Amino acid sequence: MTPYAADRSLKGKLRRRLAKLTHRDPARLKLDRPTVSFTFDDVPASAIHNAAPILEERGARGSWYVCAGLFGQDGHMGRFADAGEVGGLIERGHEVGCHTYKHIDCARAHEDDLIADVERNDDILRSLGAEPTHFAFPYGELSSRAKGVLGDRYGSLRGVQSGIVRNGGDRNQLPSVGVQGPTGEAEGHAWLSKLAHSGGWLILFTHDVREGHSPFGCTPGALVRLADSALNRGFAIRTVSDVLAA
C-alpha cells in the first residue's frame, strides 16, 4: 500500500461536509464512566505483536480494522499481518472489524464495487473466526452515498475527525483521534484530559506500533503511557463492539 493524499479540492470538501449531515444514526450510549477504545487500522504486524500484549497485560482488548487484501504484504508501515496473526488476535478476544479488502477510498468507489469489496473482506474475516460488525473508513474518506450503503451493513462506521463520542452522536461517522507521528502521543494525552473533564467515549487509532514507526504509527512506549493514563484516571478500556452493545 502506497501513501495516499486525500481529495483537497472544493468538490472533496463539499462532499465531506454533506456526508456529516446525511444518513445520521444516533448512537445510544450507556456508560458508567469515561471510556476509551484503542483501535488499529490496516493492520501492520507490528501492531499485533507490540500493541496487543500491552492491552492484554492490562486486562483490555482492542478493535482492529483489517484489510485482508494487505495480508503479508510489505509497505511503508512495515509488513502487514497475515491471516494467522489476525486469527490469533481473534482467539485472544480482540475485536476484528472491516476496513475494506483493498483499502479503497470509499468516497470515490462505485456503490457496486464498494459492496463487492467489503463482502469479500468480511467473508475472509469470518473464515478466521471474526464477526466483522463494525467498519472504519480507509483514509477517513467517506461520502453521503458510502454512509448510506455501509450504515445498513455495520453497527458503526468510524472516521478520523477528532472528537469525543456523546450519547446521540452519529454512529455512521464516529469521531476518533489519531495517535500517530511525532505529536501523536501528546495529542492522545490532551484528549484523555478532555475526556476526564467532560466524560463520554474516546476512540484512539493508530497503525504500526514500533520503534522507528511510520508517520501513521506510534511507539510501544507511547501506547503504554496512554493506556496507563486512561486506567489511572479510572476510565474503562473497551472495544467498539462492547461499547455499542451496551
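## Secondary structure and overall dimensions

In this predicted model, the secondary structure of the protein comes to 8 helices and 10 strands. The C-alpha atoms occupy a box of roughly 45 × 40 × 35 Å when the extents are taken along the principal axes. A compact globule of 246 residues would have a radius of gyration near 18 Å, and the value of 17 Å found for the protein therefore agrees with that expectation.

Burial and contact order can be set beside these dimensions. Of the 246 residues, 57% count as buried, and among the contacts between residues at least 6 apart in sequence, 73% join residues at least 24 apart.

## Surface and charge

The protein exposes about 10,300 Å², and carbon and sulfur atoms supply 50% of that area. As for charge, there are 30 positive and 30 negative charges, and the mean positions of these two sets are 8 Å apart.

## Aromatic pairs

A search of the whole structure finds 3 aromatic pairs. One of these is formed by phenylalanine 135 and phenylalanine 137, whose rings meet edge-to-face, with 5.3 Å from centre to centre and 80° between the planes. Phenylalanine 135 has a relative accessible area of 0% and is therefore buried, and phenylalanine 137, with a relative accessible area of 1%, is buried too. Ring pairs also bring in a tyrosine, in that Phe135, Phe137 and Tyr154 are linked into a cluster.

## Backbone geometry in the loops

A cis peptide bond joins aspartate 42 and valine 43, with omega at about 15°. Valine 43 lies in the loop that runs between β1 (35-42) and α2 (45-57).

Positive phi values in residues other than glycine are found at threonine 100, where phi is about 75°, and at tyrosine 139, where phi is near 65°. Threonine 100 belongs to the loop between β5 (95-98) and α4 (111-127), and because its relative accessibility is 0%, threonine 100 counts as buried. Tyrosine 139 sits in the loop between β6 (134-136) and α5 (144-151); at 27% relative accessibility, this tyrosine counts as partly exposed, since the buried class is confined to values under 20%.

## Surroundings of serine 214 and valine 240

Serine 214 has its place in the loop between β9 (201-206) and α7 (220-232), and with a relative accessibility of 5% serine 214 counts as buried. Leaving aside neighbours within four places in sequence, serine 214 is in contact with His76, Met77, Gly181 and Asp208. Arginine 61, by contrast, is 153 residues from serine 214 in sequence and 23 Å from it in space, C-alpha to C-alpha.

Valine 240 is found in helix α8, which covers residues 240-245, and its relative accessible area of 0% makes valine 240 buried. When residues up to four places away in sequence are not counted, valine 240 touches Ser37, Thr39, Ser63, Tyr65, Glu95, His134, Ser156 and Trp201. Valine 240 and glycine 62 are 178 residues apart in sequence, and their C-alpha atoms are 8.1 Å apart in space.

## Two glycines in loops

Glycine 129 is found in the loop between α4 and β6, and with a relative accessible area of 53% glycine 129 is exposed, that class being reserved for values over 50%. Glycine 129 and serine 162 are 33 residues apart in sequence, while the distance between their C-alpha atoms is 31 Å.

Glycine 168 is found in the loop between β7 (156-158) and β8 (177-178), where its relative accessible area of 29% places glycine 168 among the partly exposed residues. Not counting residues up to four places away in sequence, glycine 168 touches Arg24, Pro26, Ala27 and Arg28. Leucine 29 is 139 residues from glycine 168 in sequence and 7.6 Å from it in space, again C-alpha to C-alpha.

Key:
Residues are numbered from 1 along each chain as its sequence is written. This is a predicted model: local features need pLDDT of at least 70, side-chain atom pairs count only at pLDDT 80 or more; totals for chains, interfaces and linings use all residues. Side-chain values use heavy atoms; hydrogens and water are left out. Helices (H or I, at least four residues) and strands (E, at least two) are DSSP runs, numbered from the N terminus. The radius of gyration is taken over C-alpha atoms; the globule rule is 2.2 Å times the number of residues to the power 0.38. Buried means under 20% relative accessible area, exposed over 50%, partly exposed in between (1.4 Å probe, protein chains only). Contact means heavy atoms within 4.5 Å. Accessible areas come from the Shrake-Rupley method with a 1.4 Å probe; for residues, only the protein chains shown count as cover. Lys and Arg count as positive and Asp and Glu as negative; His and the chain ends are not counted. The place of a charge is taken as NZ of Lys, CZ of Arg, CG of Asp or CD of Glu. Rings of Phe, Tyr and Trp (its six-membered ring) pair if their centres lie within 6.5 Å; planes under 30 degrees apart count as stacked, over 60 as edge-to-face and the rest as tilted.
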